[in-house]
Every structure is written in C-alpha cells, then in structure tokens.
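Trainee: Got a minute to go through a model with me? I'd like to get a feel for the fold before I head back to the bench.
Mentor: Sure, pull it up and ask away.

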Amino acid sequence: MELSQATFQDFIAADGLSLVDFSATWCGPCRAMAPVVAALPEKIPALRVGTIDVDKDPEDAAALGVRSIPFLALFRAGKLLATRVGATTPAALAAWIEENAKDA
C-alpha cells in the first residue's frame with residue numbers, strides 16, 4: 001500500500017502491527033528490497049505493509065529522522081517499536097520483525 005502524508009498517521013495508528021518502508025524510485029537497494037517487503041504479509045499474516053516515497057512525502061520521513069534509505073519503521077497501534085536501515089535478506093528481515101514485535 002502506497003502511503004502519503006494524508007494516510008500515514010491513520011495507517012500506523014491502526015490496531016496491529018504495521019511496517020512502513022521509506023524508499024525512493026531512484027534508490028537501487030530500495031528497488032531490491034521492494035519485493036522482499038511486499039512478501040512479508042505472506043510470512044507474517046498479522047503484518048500490514050505500507051511504503052512512502054521520501055521524495056513525495058519528505059515531512060513524514062523527516063519526522064522519523066530518515067537520513068538513509070531503504071529505511072524500515074515497525075509500529076504497533078501508533079507506537080514506534082524499531083527502525084532498520086539498509087537492504088537485508090528476507091529471513092533476516094522477518095526475524096527482525098518478530099524479535100521487535102514479540103514484547104511490544
């Protein structure tokens with residue numbers, strides 16, 4: 001789901017676990033991570049995934065301190081649980097989500 005400044009807050013405030021992928025179309029590592037991130041709900045059914053193009057919505061990116069992309073932010077009911085910068089493997093990403101979501 002592509003998010004915008006108008007939809008970002010409602011997306012992260014919803015009940016449950018949400019992952020937001022901050023990226024840009026010109027970013028090679030972001031393009032490589034896009035299918036990995038998009039496939040996560042198949043592995044973690046409780047996870048909702050959204051993306052923000054930092055060029056289209058620099059305000060929300062700046063509010064979270066995004067300085068490098070790809071930048072992933074994990075939320076539960078509006079609360080920021082963890083952030084991660086850079087490309088990674090599908091298994092490492094799923095493990096990071098599960099680790100950061102289990103005690104929240």
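Trainee: How many bridges join strand β3 to β4, and do they run parallel or antiparallel?
Mentor: Six bridges join them, and the two strands run antiparallel. Keep in mind that this is a predicted model. For a landmark in that pairing, find Ala73, which stands opposite Thr83 in β4.

Trainee: OK, and what order do the strands of the sheet come in?
Mentor: The order is β2-β1-β3-β4, four strands in an open sheet with mixed pairing. The edges are β2 (47-53) and β4 (79-85), each with a single partner strand, so one side of each has no neighbour in the sheet. From one strand to the next, the twist averages 20 degrees.

Trainee: You said mixed. In which sense does β1 pair with β2, and in which sense with β3?
Mentor: With β2, β1 pairs in the parallel sense, over seven bridges. With β3, the sense is antiparallel, over six bridges. If you want residues to click on, Ser18 has Arg48 as its bridge partner in β2, and Leu17 stands opposite Arg76 in β3.

Trainee: How many of the residues of β1 are buried?
Mentor: Seven of its seven, so to speak a strand that is mostly covered.

Trainee: Which residues of β1 sit on which side?
Mentor: Leu17, Leu19, Asp21 and Ser23 are on one side, while Ser18, Val20 and Phe22 are on the other, and all of these are buried. That fits the general pattern: in a regular strand the side chains alternate between the two faces of the sheet.

Trainee: Let's stay with Ser23 for a second. Why does Ser23 count as buried?
Mentor: Because its relative accessibility is 13%, and the cut-off for buried is under 20%.

Trainee: And what does Ser23 touch, apart from residues up to four places away in sequence?
Mentor: Cys30, Ile52, Asp53, Val54 and Ile69.

Trainee: Cys30 caught my ear. Which residue does a disulfide join to Cys30?
Mentor: Cys27, with 2.4 Å from S to S. A search of the whole structure finds one disulfide. Both cysteines, Cys27 and Cys30, are buried.

Trainee: Is that disulfide right-handed or left-handed?
Mentor: Right-handed, because the torsion about the S-S bond of Cys27 and Cys30 is about 75 degrees.

Trainee: Back to Ile69, then. What kind of peptide bond joins Ile69 and Pro70?
Mentor: A cis one, with omega at about 0 degrees. Pro70 lies in the loop between α4 (58-63) and β3.

Trainee: What about the loop between β3 and β4, which residue is found there?
Mentor: Ala77 is one of the residues to look at in that loop. Ala77 has a positive phi of about 50 degrees, although it is not a glycine. Its relative accessible area is 43%, so Ala77 is partly exposed.

Trainee: Now the helices. Which strands does α5 lie across?
Mentor: Helix α5 (residues 90-101) lies across β1 (17-23), β2, β3 and β4, and runs at about 155 degrees to β4. From its first C-alpha to its last, α5 reaches 16 Å over twelve residues, close to the 16 Å expected at 1.5 Å a residue.

Trainee: Which residues of α5 are buried?
Mentor: Leu93, Ala94, Trp96, Ile97 and Ala101. They cover an arc of only 155 degrees around the axis, which puts them on the same side of α5. The general point is that an α-helix has 3.6 residues a turn, so residues three or four places apart point the same way.

Trainee: What do those buried residues pack against?
Mentor: The buried residues of α5 pack against β1, α2 (28-38), α3 (40-43), β2, β3 and β4.

Trainee: Last one, on Phe11. Where does Phe11 lie, and is Phe11 buried or exposed?
Mentor: Phe11 lies in helix α1 (residues 8-13), and Phe11 is buried, with a relative accessible area of 5%.

Trainee: What is Phe11 in contact with, leaving aside neighbours within four places in sequence?
Mentor: Met1, Leu3, Ser18, Leu19, Val20, Arg48, Val49 and Gly50. Of these, take Gly50: Phe11 and Gly50 are 39 residues apart in sequence and 7.9 Å apart in space, C-alpha to C-alpha.

Note on methods
Residues numbered from 1 in each chain as written. Predicted model: local features only at pLDDT ≥ 70, side-chain atom pairs only at ≥ 80, totals over all residues. Heavy atoms only, no water. Disulfide = S-S within 2.5 Å. Buried < 20%, exposed > 50% of the residue type's maximum accessible area, 1.4 Å probe, protein only. Pairing = 2+ DSSP bridges. Axes fitted to C-alpha atoms, helices over the stretch in contact; angles between N-to-C directions. Contact = heavy atoms within 4.5 Å. Expected span 1.5 Å × (residues − 1). Arc of directions from axis to C-beta.
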